[in-house]
Amino acid sequence: MEGMTSAGLAYLGAGLGAGLALIGVGLGIGRLAASALDGMARQPQAAGTIQTAMLIAAGFIEGAGLFALVICIIMAFK
């Protein structure tokens, strides 16, 4: 632990935080798409409504991921 500085630990924490956040975003969007496709396959007449709700939810998930990434970058350079 001699070579570890506070800046090095901040970079490490920011990298780990960003990686975990983006893994969560990827898993969330994958699950969202799988559920939406399953719903569209079961009820084709509701495909338009399901697709609209899926795109809105995907936008919220991406926004949360971007927010987490920005927080990690701020954490690294503060």
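A salt bridge is a side-chain nitrogen of Lys or Arg within 4 Å of a carboxyl oxygen of Asp or Glu. Keep that idea in mind, and remember as you look around that this model is predicted. A search of the whole structure turns up 1 salt bridge, and we will come to it after a look at the overall fold.

Start with the big picture. The chain contains 2 helices and 0 strands. Its radius of gyration is 18 Å, well over the 12 Å that the globule rule gives for 78 residues, so the chain is more spread out than a compact globule. You can see this in the box that the C-alpha atoms fill, roughly 65 × 20 × 5 Å along the principal axes. Of the 78 residues, 15% count as buried. The chain exposes about 5700 Å², and carbon and sulfur atoms supply 73% of that area.

Now follow helix 1, which covers residues 6-42. With 37 residues at 1.5 Å each, helix 1 should span 54 Å, and its end C-alpha atoms are indeed 54 Å apart. In the segment before this helix sits Thr 5, which is partly exposed, with a relative accessible area of 46%. To get a feeling for distance, go from Thr 5 to Leu 32: the two are 27 residues apart in sequence and 40 Å apart in space, C-alpha to C-alpha.

Helix 2 takes up residues 47-77. It has 31 residues and reaches 45 Å from its first C-alpha to its last, close to the 45 Å expected at 1.5 Å a residue.

How do the two helices relate to each other? The buried residues of helix 1 are Ala 14, Ala 18, Ala 21, Val 25, Ala 36 and Met 40, and what covers them includes helix 2. On the other side of the partnership, Met 54, Ala 58, Gly 65, Cys 72 and Ala 76 are buried in helix 2, and these residues pack against helix 1. A useful rule helps when reading such lists: an α-helix has 3.6 residues a turn, so residues three or four places apart point the same way. The contacts add to the picture. Among those between residues at least 6 apart in sequence, 75% join residues at least 24 apart.

For a single pair across the helices, try Ala 33 and Thr 52. Ala 33 belongs to helix 1 and is partly exposed, at 27% relative accessible area. Its C-alpha atom is separated by 12 Å from that of Thr 52, 19 residues away along the chain.

Which side chains meet in the salt bridge? They are those of Arg 42 and Asp 38, at 3.3 Å from N to O. Side chains of opposite charge can pair when their charged atoms come close. Because Arg 42 and Asp 38 are 4 residues apart in helix 1, about one helical turn separates them. Arg 42 is exposed, with a relative accessible area of 68%, whereas Asp 38 counts as partly exposed at 39%.

Finally, look at the surface of the model. Leu 66, Phe 67, Val 70, Ile 71 and Ile 74 form a nonpolar patch there, with about 480 Å² of accessible area together. One of these residues, Ile 74, lies in helix 2.

Notes. Residues numbered from 1 in each chain as written. Predicted model: local features only at pLDDT ≥ 70, side-chain atom pairs only at ≥ 80, totals over all residues. Heavy atoms only, no water. Patch = residues over 30% accessible without salt bridge, like charges linked within 9 Å, V, L, I, M, F, W, Y side chains within 5 Å. Areas by Shrake-Rupley, 256 points an atom, 1.4 Å probe, with all protein chains shown as cover. Rg over C-alpha atoms; globule rule 2.2 N^0.38 Å. Buried < 20%, exposed > 50% of the residue type's maximum accessible area, 1.4 Å probe, protein only. Contact = heavy atoms within 4.5 Å. Expected span 1.5 Å × (residues − 1).
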